[in-house]
Structures are given as C-alpha cells and as structure tokens.
Amino acid sequence: MRAAVLTGYDRPLELAELPDPIPGPGDVAVDIRACGVCGSDTFLQKGGFASVLPVVPGHEAAGTISAVGRDVCSVEVGQPVALYYIDHCGTCRSCKDGRVNMCLGLRRMGVEFNGAFAERAVLGAECVVPVDPGDDPAAVAVLTDAVATPYHALVRIARARPGETVVVFGIGGIGSNAVQVGAYLGCRVIAVSRSDANLELATRMGADTVVKGGAGAVERVAGVVEPGGPDVIIQTVGSPAVYRQAIASAGIGCRIVAVGSTLEPFPVNAMDLVWREATLAGSRGYTPQDIRDVVDLHRRGVLTTDHLVQNPRPLEEVNEALDDLRRGTVLRSVITFGSGW
C-alpha cells in the first residue's frame, strides 16, 4: 500500500510502499477514503507527541471495512466507518466511566501506531463508528476531529447551556467549529481572531459578535460581554500569550477550557481564578459518542463541514497540505483516495 511516513522530526513525510497491514484478533482493516490534515499533524511532525518513529501519521479519517479479524462481529466487510484514533482497553477506570479518551493504557493512531495517511489502516473494532453509505467520506473524516473536538470541549467539559456567553479564542479548524457548536447549543458566541477573514467566517458560522485578536484583545472582549464577564472560554490557539489573554478575560464562575496545544509554559496568577471562582480545565480530543453525535447533527443539517472540505489533495501532496496549514492559508486539507466509499 502507499503511505506517507514520518521518519524523523522536523522532516517532510516520505512516500513509501508498505505491506498491507493484516488485522489480528479483534481488529479491523479499513481502506481509507479520506483523512483530514490538522494542527495535531504539524505538532506531531515537530516532536510534540514524542511519537514512535517511523510512523504513518493521520488520525482524522473515514473509510470502508476491508477485512475483519477473529471474533469481530460488530462490523462487516463493506461497512463505511469513521475512525476513532484512540485505541482503548475498555476495562480501566476511565473507560468504565465512558472517558475512553483518557484510557490508562491508550495508544494513539498516527502516534504510537500507524495512522491514515495511507491506503489502509488497522485498528481495534471498538475504534470504528459505523456511518451511512449516503454520508460523504470527507465530511465524516473532518467531523471526527475538527468538529468532535470542540463539541467535546463545549458539551462534555464546559457543559455550556443555552443563554450563556461563550468566547472562542482562535477561529481556525477547531475554533470555527466551536463557534457553530456554541450557536447550536443556544449560546451567545463571541469570536476572537487576528484574521479578518476568519472573523468573517465566524460570523457565517453563527458568532453573535467578533473581536479583533492580538494586543488589546482582553479589553475588547470586556467591552462586548455583560457585567460579570463570559460564562465559558474555549481557547484553541497553541500560544502562551493567547492563554494569558483567555485567563485574563474570564468572568465570574467562568469555565476556561484549554484545547490548543503548546509545549511552552505560561504563567497563571492563582488569584485570577480564586477571586472569580473560575476554573481552568483541559479538554483532550473526543470520544466515539462525540463522533456519533456530530455525524447525526451534520446529517440533520445543524452542523456544516463545507468550510473544511474545500481543499482535497492526493496522498502525493501531503507535505504541501502540511505546509498550507503551517502558513495558515487553509483551515483544513483533506487527503482523498478516490471518490465515494
């Protein structure tokens, strides 16, 4: 099979011919139809996940079951599926609580084992979510991460409620969807970005108010929120400076949710949290149930992926897709393998 392989950090991916992976007991093989290229892939490329090397990246994917291992009866050959990137045990404390994204023995597709920048991937049968043949593979692929991640942050972690004010810092591939999920939940959404084009996108995605990011953003946010400040802040930018702005913008009882990845520390004044009874929580990815939820909302026309699937590329152009993302010229590219399932 053809695959794009990361052989060393800070290097381009290398196109290679690899043996077709064979599913073991409890596993399935999936012929990949689409795989989104997201910020986590550039973070991986520079060593942010301390991954196994060499490795095939790619975790935001959809495809068709092409083979099943022994004892697999939950799916069958020919079934279109979304891929869930975390291999989980199902028996530890976190898994039993439904937090399989926090499994004590987790392994991540595209980090600890080969991912979906390839024509085929093998993973546990519990890590695929059946979808309908009428669903679009590219849409399903980006729903699994670009939409399910902010959905998880807002619904599971922040527990945002109708009528609350949600501030989203960063309107990229994740933040734009935090805006549309917040709007779906009935929240008043304020979008913060340094990019005028992304602020325009945020408006289309349902933002009630947009605020220019950069220096002075904290004061500008304070000028558009109600007395007492926002109820929820979703911080999607991998920047210590923006994290400081997000914390400084917190309101009374505000739930600040960290989504953006950065290895750089940033200072937190405890009194910024204590005096406001604010909380700072992390949100790690999503769960299979989050995928089911956002796919259903997409089918119902509540959530869109149109802004995420406008840049399809073949596998041979994966490095160009990563470069586009680093330059900020796209929200997402999607590596496609033919059309349809």
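Val111 counts as buried in this predicted model, at 7% relative accessibility. Its place in the chain is the loop between β7 (107–108) and β8 (120–124). If you look for what surrounds Val111, leaving aside neighbours within four places in sequence, you will find contacts with Leu44, Phe49, Ser51, Val52 and Val55. Take Ser51 from that group: Val111 and Ser51 are 60 residues apart in sequence, yet their C-alpha atoms are 4.8 Å apart in space.

**Glu60, Thr144 and Arg332**

Let us turn to Glu60, which is found in strand β4 (residues 60–68). Is Glu60 buried or exposed? At 0% relative accessibility, Glu60 counts as buried. Which side chain does Glu60 join through a polar contact of 3.0 Å? The partner is the side chain of Arg332. A polar atom of the Glu60 side chain also lies 3.2 Å from the backbone nitrogen of Ala146. Beyond its neighbours within four places in sequence, Glu60 is in contact with Ala34, Cys35, Gly36, Val37, Cys38, Ala141, Val142, Thr144, Asp145, Ala146 and Arg332.

Arg332 itself sits in the loop between α10 (318–327) and β17 (333–336). With a relative accessibility of 3%, Arg332 counts as buried too. Setting aside residues within four places in sequence, the contacts of Arg332 include Val37, Cys38, Glu60, Asp145 and Ala146. Gly39, Gly173, Ile174, Leu308 and Asn311 are also among the contacts of Arg332.

Thr144 belongs to helix α3 (residues 137–157) and is buried, with a relative accessible area of 0%. Its side chain reaches the backbone oxygen of Ala141 at 2.6 Å. Not counting residues up to four places away in sequence, Thr144 touches Glu60, Ala61, Ala82, Leu83, Tyr286 and Ile291. Here is another pair to find in the model: Thr144 and Pro288 are 144 residues apart in sequence and 8.5 Å apart in space, C-alpha to C-alpha.

For ease of reference, here are polar contacts of these side chains.

| Side chain | Partner | Distance |
|---|---|---|
| Glu60 | Arg332, side chain | 3.0 Å |
| Glu60 | Ala146, backbone nitrogen | 3.2 Å |
| Thr144 | Ala141, backbone oxygen | 2.6 Å |

**Cysteines**

How many disulfides does the structure hold? The number is zero. For Cys35, the closest cysteine sulfur is in Cys38, and the 8.5 Å between the two sulfurs is too far for a bond. A disulfide calls for a pair of cysteine sulfur atoms within 2.5 Å. Cys187 has its closest cysteine sulfur in Cys254, at 12 Å, again too far for a bond. As for accessibility, Cys35 is buried with a relative accessible area of 0%, and Cys187 is buried with 7%.

**Helix α5 and its strands**

Helix α5 covers residues 196–204, and its buried residues are Leu199, Leu201 and Ala202. Why do they lie on the same side of α5? They do so because they cover an arc of only 155 degrees around the axis. On the other side of α5, Asp196, Ala197 and Arg204 are exposed. The cover over the buried residues of α5 includes α4 (175–184), β11 (188–193) and β12 (209–212).

Both ends of the helix are worth a look. Ser195 caps the N-terminal end of α5, with a side-chain oxygen 3.3 Å from the backbone nitrogen of Ala197. Just after α5, Gly206 takes a positive phi of about 115 degrees.

Strands β11 and β12 pair in the parallel sense over four bridges. Among the residues involved, Ser193 has Lys212 of β12 as its bridge partner. The chain crosses from β11 through α5 to β12, a β-α-β crossover that is right-handed. Strand β12 has two faces: Thr209 and Val211 make up the covered one, and Val210 and Lys212 the uncovered one.

**Helix α7**

Helix α7 takes in residues 240–248, where Pro240, Val242, Tyr243, Gln245, Ala246 and Ile247 are buried. Which elements help to cover the buried residues of α7? They include the helices α6 (217–222) and α8 (270–274). The strands β10 (165–169), β13 (232–235), β14 (255–258) and β15 (279–282) are also included in that cover. At the N-terminal end of α7, Ser239 acts as the cap: a side-chain oxygen of Ser239 lies 3.3 Å from the backbone nitrogen of Ala241.

Definitions and conventions
Residues are numbered from 1 along each chain as its sequence is written. This is a predicted model: local features need pLDDT of at least 70, side-chain atom pairs count only at pLDDT 80 or more; totals for chains, interfaces and linings use all residues. Side-chain values use heavy atoms; hydrogens and water are left out. Buried means under 20% relative accessible area, exposed over 50%, partly exposed in between (1.4 Å probe, protein chains only). The arc is that of the directions from the helix axis to the C-beta atoms. Contact means heavy atoms within 4.5 Å. A polar contact is a pair of N or O atoms within 3.5 Å; within protein, one must be able to donate a hydrogen and the other to accept it, and residues adjacent in sequence count only if both atoms are side-chain atoms. Two strands pair if DSSP finds at least two bridges between them. A crossover is right-handed if, with the strands pointing away from the viewer, the path from the first strand over the helix to the second runs clockwise.
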